[in-house]
Amino acid sequence: MPATAAPLHIRTDPHSGRKYHASARLPKGTDLLGPCTPYSYTIWKRFRNEVCAECWRYDGGRRSFLTRRDDEGLEREVPTEETRSQGHRSNISAGLWFCDNKCQNKWIAREGVEAVDLLRQLESARQKKPKPKPKSNAGGEEAVAEITQGVVEQAWDAVKAKEGSPKEIRRWRDLQLEDYEADMARYVLLALHRYHREQCNRHRNSPQPCEDGPGSSEAPAIQNSSTTACGTNGDYERSEWQTFASLQSNEMQLLKVCPEILEHQTRIYQLLKARFGSRIKAGSTTSSSRSSSVPAPTPNGAQPPTDNARAREDTRSGGRDGAESATDADASGCVGPALADLVTIDNVRTILGVDPGNSFGIWEMPVMDESECLGFAVYPRASFFNHHCAPNVQKEREGRILRFLTTCGVEAGEELCISYGHVESMDLQTRRQELLEGWYFECRCSRCMAEAAGYSRT
Ligand SMILES: [Zn+2]
Ligand SMILES: [Zn+2]
């Protein structure tokens, strides 16, 4: 069923943002969105060598089913001096493992082969050994002050004030990221890279010539959701990035509960800015990787995506054969903005702000109490489902595809809500505590409100 015939519509509530409602009476088992694929994701370092980067298969920690790594087995051009400096040379892994060449080809067809190099570059900034946490100075336990919007803006303004300085950029290039930071940076980098591919595609498919070249004053404007300069497909065809970036930011909710994350976030940005977002010549930059040839892999039996949505999405973000289009996009001159232009504070904060509350945990399947959480992923369209402690929609994962099915008959106009995961059997107090810790807010769904009213009466 095409997504346009979706049995649901988005209604905007001034207080709680956009949510899905049933557009008609729906029987139990209605597939609401069709297959959804993530915009970006991360697999935590701890599981990276045990999980297929494409289908997210996990076998309780066994890894014998993983037979391919990174771009292993793909024919790529012999590294030039330039690409060598970007990570080909080193034995640094991009941190990707695959079941087989099918999974590998699917991943590369969608993300682009240059994503492998980007991840390698990023991995070279991951600190080798976790540094022991410095003991807080005797007597001087530095309590993190209560965080306000003002404090957050100040921190980012301080970063912004320094980013024009080549000296700072050089310092930022040498930052060594902790595992949490590097894992989050992967999520941000894959999102930016995907956004970049969308832009390239748009420009390439543009019916009218698009004059704005890289670095022109046009480029930064594209980060806003208004429209693109060219290649616009009308209202329905919002770019994936626009949908992604329009998700509610939960930056403040997260930082209020975990103030120490602010510093991680600015460090992530600094590293990304220095390594991928700076045109200041310092060995390797993304702008140079753009002009250098990005060799195409030989897709050994690459399977074109089978389902419609996947194919649609691929067309939007890189063509069915993304490997080929990646080459087009970068080597044959994407006239859109360079990836470097997209590494901005605004974009990075948007991507980081979307994660809490909008991302879905990648759980070991079948999901049980003791299942491991292997990472997280953001599915833009799926994020318009509200959560509820008595949900009427159930999500099912197959590989990286999520589907959303009604669990009962739903009346026209009724809100469609998904589960938080595991809290339904808990009592109100435990549930709220759990949600505050995991989701950074107090649930006010109708069940919680009714139960709270019930409690306050007794
Ligand atoms: Zn796989
Ligand atoms: Zn609730």
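This report covers the overall make-up of a predicted model, three helix packings and a pair of buried residues.

**Overall make-up**

The protein chain has 458 residues, of which 52% are buried. Its secondary structure consists of 17 helices and eleven strands. Counting contacts between residues at least 6 apart in sequence, 76% link residues that are at least 24 apart.

**Helix packing**

Three helix pairs are described here, and their geometry is set out below.

| Helix pair | Axis distance | Crossing angle | Citation |
|---|---|---|---|
| H5 (149–162) and H10 (261–276) | within 11 Å | roughly 25° | |
| H7 (179–205) and H10 | 10 Å | about 55° | |
| H7 and H15 (345–358) | within 10 Å | roughly 120° | |

Helix H10 appears in two of these rows, once with H5 and once with H7. The angle of roughly 25° between H5 and H10 is under 35 degrees, so the two helices count as roughly parallel. H5 crosses H10 in a right-handed sense. On the H5 side the contact involves Val151, Val152, Ala155, Trp156 and Val159, and on the H10 side Leu262, Gln265, Thr266, Tyr269 and Gln270. By residue type, this contact has seven nonpolar and three polar residues, with no charged ones.

H7 packs against H10 at about 55°, with the axes 10 Å apart. H7 is therefore oblique to H10. This crossing, too, is right-handed. H7 contributes Tyr180, Glu181, Met184, Ala185, Val188 and Leu189, while H10 contributes Ile261, His264, Arg267, Ile268, Leu272 and Phe276. Nine of the residues in the contact of H7 with H10 are nonpolar, one is polar and two are charged.

The third pair joins H7 to H15, with axes that come within 10 Å and cross at roughly 120°. This angle falls outside the range of 65 to 115 degrees used for roughly perpendicular and is not over 145, so H7 and H15 are oblique to each other. The crossing of H7 past H15 is right-handed. From H7, the residues in contact are Met184, Tyr187, Val188, Ala191, Leu192 and Tyr195; from H15, they are Asn347, Val348, Ile351, Leu352, Val354 and Asp355. The contact of H7 with H15 comprises ten nonpolar residues, one polar and one charged.

Met184 and Val188 of H7 are listed both in the contact with H10 and in the contact with H15.

**Arg400 and Glu54**

Arg400 sits in the loop that runs between strand E9 (393–398) and strand E10 (401–406). Its relative accessible area is 2%, which is under the 20% cut-off, so Arg400 counts as buried. A polar atom of the Arg400 side chain lies 2.9 Å from the backbone oxygen of Glu54.

Glu54 is also in a loop, between helix H1 (45–48) and strand E4 (68–69). With a relative accessible area of 3%, Glu54 is buried. The side chain of Glu54 has a polar atom 3.4 Å from the backbone nitrogen of Trp107. Glu54 thus takes part in two polar contacts described here: its backbone oxygen is paired with the side chain of Arg400, and its own side chain is paired with the backbone of Trp107.

Terms used
Residues numbered from 1 in each chain as written. Chains lettered and ligands numbered in written order. Predicted model: local features only at pLDDT ≥ 70, side-chain atom pairs only at ≥ 80, totals over all residues. Heavy atoms only, no water. Helix = DSSP H or I, 4+ residues; strand = E, 2+ residues; numbered from the N terminus. Buried < 20%, exposed > 50% of the residue type's maximum accessible area, 1.4 Å probe, protein only. Polar contact = N/O pair within 3.5 Å; in protein donor to acceptor, adjacent residues only side chain to side chain. Axes fitted to C-alpha atoms, helices over the stretch in contact; angles between N-to-C directions. Left-handed = near helix turned anticlockwise from the far one by under 90°. Contact = heavy atoms within 4.5 Å. Nonpolar A, V, L, I, M, F, W, Y, C, P; charged D, E, K, R; others polar.
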